[in-house]
Amino acid sequence: MTEGGQLGARTLSGGWVGVAALQIARNAGFRAIALTDKAKHDFVLANGAFAAFDYKESSVFDQAMQLTGGRGVELCLNAVGGSTIAEDLLLLSPMGQVISFGHLAGPPTGSAADLLMTDFTKSVGIRVSDIYTYYQADPQGLSATLSSVATDLRAGRIVPQVFDVQPIATVAKAHAILETGTVRGKVVISID
């Protein structure tokens, strides 16, 4: 992806991974579009999103195309899964890619043919990713990436957003908070 390129980030929870991705994208000069609940738009905009669209609205495609001058986004980061992978494929520019790294809404639906052949002439791709594979395939690369993130954390270029802190004795309550869908950032479990 080229600097200044368009990145789409889909998150239902506004959780730490999505917030970190937005902050990293902003720091690298990318224009990130966050697809999240309307109630979280101010939060994601304050944490690096260039624009925020309500994923529940039918006009997301039109809004993204208008913002990108009809080109679409170069990369969609998707932690949601389910039917949203197919939706994100529609948002891609030619040679764009969806990276699926979570399944909050369940595994992706549809076959590879259903997903990829719809936009065959755009030469788009889907990648599934997890940090464990990165570690196994390229431990030095992961170490360098984590070192870069740690440098940005120390310098204040990445700022963790803590929504709530719960003692370990109330871990069930912390989980219930996560399930409300209102979390903005991370719910932290304290072992003090």
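**Backbone outliers, a buried aspartate and the largest pocket**

Serine 123 is found in the loop between α5 (112–117) and β6. In this predicted model, the residue shows a positive phi of about 55 degrees, although serine 123 is not a glycine. That is worth a second look, since most residues other than glycine have a negative phi. With a relative accessibility of 43%, serine 123 counts as partly exposed.

Methionine 95 offers a companion case, with a positive phi of about 70 degrees although this residue is not a glycine either. Here the setting is a strand, β5. Methionine 95 counts as exposed because its relative accessibility is 65%, and the cut-off for that class is over 50%.

Strand β5 also holds isoleucine 99. Setting aside neighbours within four places in sequence, isoleucine 99 is in contact with Leu75, Cys76, Leu77 and Asn78, and also with Arg127 and Ser129. For one of these partners the spacing can be given in full: the C-alpha atoms of isoleucine 99 and asparagine 78 lie 6.0 Å apart in space, while the two residues are 21 apart in sequence.

Attention now turns to a loop with a buried acidic residue. Aspartate 37 sits between β2 (31–36) and α2 (41–46). Its relative accessibility is 19%, so aspartate 37 counts as buried; the cut-off for buried is under 20%. Two polar partners of its side chain can be named. One is the side chain of lysine 56, with which aspartate 37 makes a polar contact at 2.9 Å. The other is the backbone nitrogen of alanine 39, which the aspartate 37 side chain reaches at 2.8 Å. When residues up to four places away in sequence are not counted, aspartate 37 touches Asp54, Tyr55 and Lys56, so lysine 56 appears both in this list and as a polar partner of the aspartate.

The pocket analysis comes next. The largest pocket has a volume of about 1300 Å³. Its lining comprises 34 residues, and those closest to the pocket centre are Val17, Ile24, Leu77, Tyr134 and Thr145. Several elements give two or more residues to this lining: the helices α1 (16–27), α6 (131–137) and α7 (139–155), together with the strands β4 (73–78), β5 (92–100) and β6 (125–128). Of these, α1 gives the most, with 7 residues. In character, the lining residues divide into 22 nonpolar, 7 polar and 5 charged. Leu77, named above among the residues closest to the pocket centre, is also one of the contacts of isoleucine 99.

Finally, the chain as a whole. Its secondary structure comes to 8 helices and 8 strands. The radius of gyration is 17 Å, close to the 16 Å that the globule rule gives for 192 residues, so the chain is as compact as a globular protein of that length. Taken along the principal axes, the C-alpha atoms fill a box of roughly 55 × 35 × 30 Å. Buried residues account for 39% of the 192 residues. As for contacts between residues at least 6 apart in sequence, 56% of them join residues at least 24 apart.

Key: Residues numbered from 1 in each chain as written. Predicted model: local features only at pLDDT ≥ 70, side-chain atom pairs only at ≥ 80, totals over all residues. Heavy atoms only, no water. 1 Å grid on protein atoms, 1.4 Å probe; cavity = no way out; pocket = protein on both sides within 12 Å on 5 of 7 lines; lining within 4 Å. Points joined across faces, edges and corners; volume = space filled by probe spheres on them. Helix = DSSP H or I, 4+ residues; strand = E, 2+ residues; numbered from the N terminus. Nonpolar A, V, L, I, M, F, W, Y, C, P; charged D, E, K, R; others polar. Buried < 20%, exposed > 50% of the residue type's maximum accessible area, 1.4 Å probe, protein only. Polar contact = N/O pair within 3.5 Å; in protein donor to acceptor, adjacent residues only side chain to side chain. Contact = heavy atoms within 4.5 Å. Rg over C-alpha atoms; globule rule 2.2 N^0.38 Å.
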